[in-house]
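Please open the model in your viewer and keep the sequence panel beside it. The tour below moves from one selection to the next and says what can be found at each stop.

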Amino acid sequence: MKKNLITIILITISLFTYSQKRNSITINGGFVDYNEESIGAMITFTKSKNNSNYEIGVSHFIFEKLYNNKNGNFTSSNINLGYLYTFLRDRSNTLNFNIGGGAFAGYEKINETDELIIKSESNYIGGFYASLNFDIYLFENFALNLKGNQYYLIKSTTGNLNPFVAVGVKYNF
């Protein structure tokens, strides 16, 4: 009985450690559109297999932008679907560089002030993004994540390009 229990525990531990670095959740916060008053946050779930990383994320941005010589307040909530490729890592797997991209869709709210400066027919937005990620593992399951996304909006009133530069924490499970 004791031998069977030890065998079950060892199998469970080996299965758990095998799947430990297959999935991760990353929480990032940073700046949008090179403006110190513009902030953003992103939560990302990543499924990894070898050097391929498939991610789904939710982001929310709050920013001001000059439009017709007036400042406009914008908020944007998006869902991101993307692919990242780990193109460089060290032997001990403590440093990872990832490059990739994907598509996103979302909703933007314009002019939270009383004065209407932009008339938008639809508040739905969509487009593509390119991404650079850099992970520095502090512990086996925890990493510091540096993220840079460049969003290309096909349908939006805020413009065609919106960058997002952020720092965050990544947890592997």
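Begin by selecting Thr44, which is buried because its relative accessible area is 3%, under the 20% that marks the limit for that class. Thr44 belongs to strand E2, which covers residues 39-49. If you display the surroundings of Thr44 and set aside residues up to four places away in sequence, you will find that Thr44 touches Ser24, Ile25, Thr26, Glu55, Ile56 and Gly57. A distance label between the C-alpha atoms of Thr44 and Val58 should read 6.4 Å, although 14 residues separate the two along the chain.

Before going further, bear in mind that this is a predicted model, so it helps to colour the chain by pLDDT, the predictor's confidence in each residue. The mean pLDDT of the protein chain is 81, and 73% of its residues reach 70 or more. Select residues 16-20 for a contrasting view: pLDDT stays under 50 throughout this stretch, for which the model has 5 contacts beyond four places in sequence.

Now switch to a cartoon of the whole chain, in which 1 helix and 8 strands can be traced. Followed along the sequence, these elements give the pattern α-β-β-β-β-β-β-β-β. Of the 173 residues, 38% count as buried, and the chain exposes about 10,700 Å², of which carbon and sulfur atoms supply 64%. Among contacts with a separation of 6 or more, 56% are made by residues that lie 24 or more positions apart.

Return to the end of strand E2 and step into the loop between E2 and E3, where Asn50 is placed. Asn50 is not a glycine, yet it has a positive phi of about 55 degrees. Is Asn50 buried or exposed? With a relative accessibility of 66%, Asn50 counts as exposed.

Next select Asn53, which is found in strand E3, residues 52-67. Asn53 counts as buried because its relative accessibility is 8%. Show the side chains here, and you can draw a polar contact of 3.1 Å between the side chain of Asn53 and that of Thr86. Leaving out residues up to four places away in sequence, Asn53 touches a set of residues that includes Thr46, Lys47, Ser48, Tyr83, Thr86 and Asn98.

From there, move to the aromatic residues. A pair of aromatic rings is described by the distance of the centres and the angle of the planes. Select Tyr54 and Tyr83, whose rings form a tilted pair, with 5.4 Å from centre to centre and 55 degrees between the planes. Tyr54 lies in strand E3 and Tyr83 in strand E4 (residues 70-89), so this pair ties together parts that are 29 residues apart in sequence. Both members are partly exposed, Tyr54 at 46% relative accessibility and Tyr83 at 32%.

For another arrangement, select Tyr171 and Phe173, which form a stacked pair with 6.1 Å between the centres and 20 degrees between the planes. Tyr171 counts as partly exposed at 35% relative accessibility, and Phe173 likewise counts as partly exposed at 30%. Then select Phe61, Phe104, Tyr129, Tyr151 and Phe164 together, since ring pairs link these residues into a cluster.

The last part of the tour follows the pairing of strands. Which residue stands opposite Ile25 in E8? Tyr171, already visited for its ring, stands opposite Ile25. The strands concerned are E1 (residues 23-32) and E8 (residues 161-172), which pair in the antiparallel sense over 9 bridges.

E8 also pairs with strand E7 (residues 142-155), again in the antiparallel sense, over 11 bridges. To look at this pairing residue by residue, select Ala143, whose bridge partner in E8 is Lys170, and then Leu144, whose bridge partner in E8 is Val169.

Finish at strand E6, residues 124-137, which runs antiparallel to E7 and is joined to it by 12 bridges. A hairpin leads from E6 to E7 through 4 residues. Within this pairing, Ser131 stands opposite Asn149 in E7, and that residue pair makes a suitable final selection.

Key
Residues are numbered from 1 along each chain as its sequence is written. This is a predicted model: local features need pLDDT of at least 70, side-chain atom pairs count only at pLDDT 80 or more; totals for chains, interfaces and linings use all residues. Side-chain values use heavy atoms; hydrogens and water are left out. Helices (H or I, at least four residues) and strands (E, at least two) are DSSP runs, numbered from the N terminus. Buried means under 20% relative accessible area, exposed over 50%, partly exposed in between (1.4 Å probe, protein chains only). A polar contact is a pair of N or O atoms within 3.5 Å; within protein, one must be able to donate a hydrogen and the other to accept it, and residues adjacent in sequence count only if both atoms are side-chain atoms. Contact means heavy atoms within 4.5 Å. Rings of Phe, Tyr and Trp (its six-membered ring) pair if their centres lie within 6.5 Å; planes under 30 degrees apart count as stacked, over 60 as edge-to-face and the rest as tilted. Accessible areas come from the Shrake-Rupley method with a 1.4 Å probe; for residues, only the protein chains shown count as cover. pLDDT is the predictor's confidence in each residue, from 0 to 100. Two strands pair if DSSP finds at least two bridges between them.
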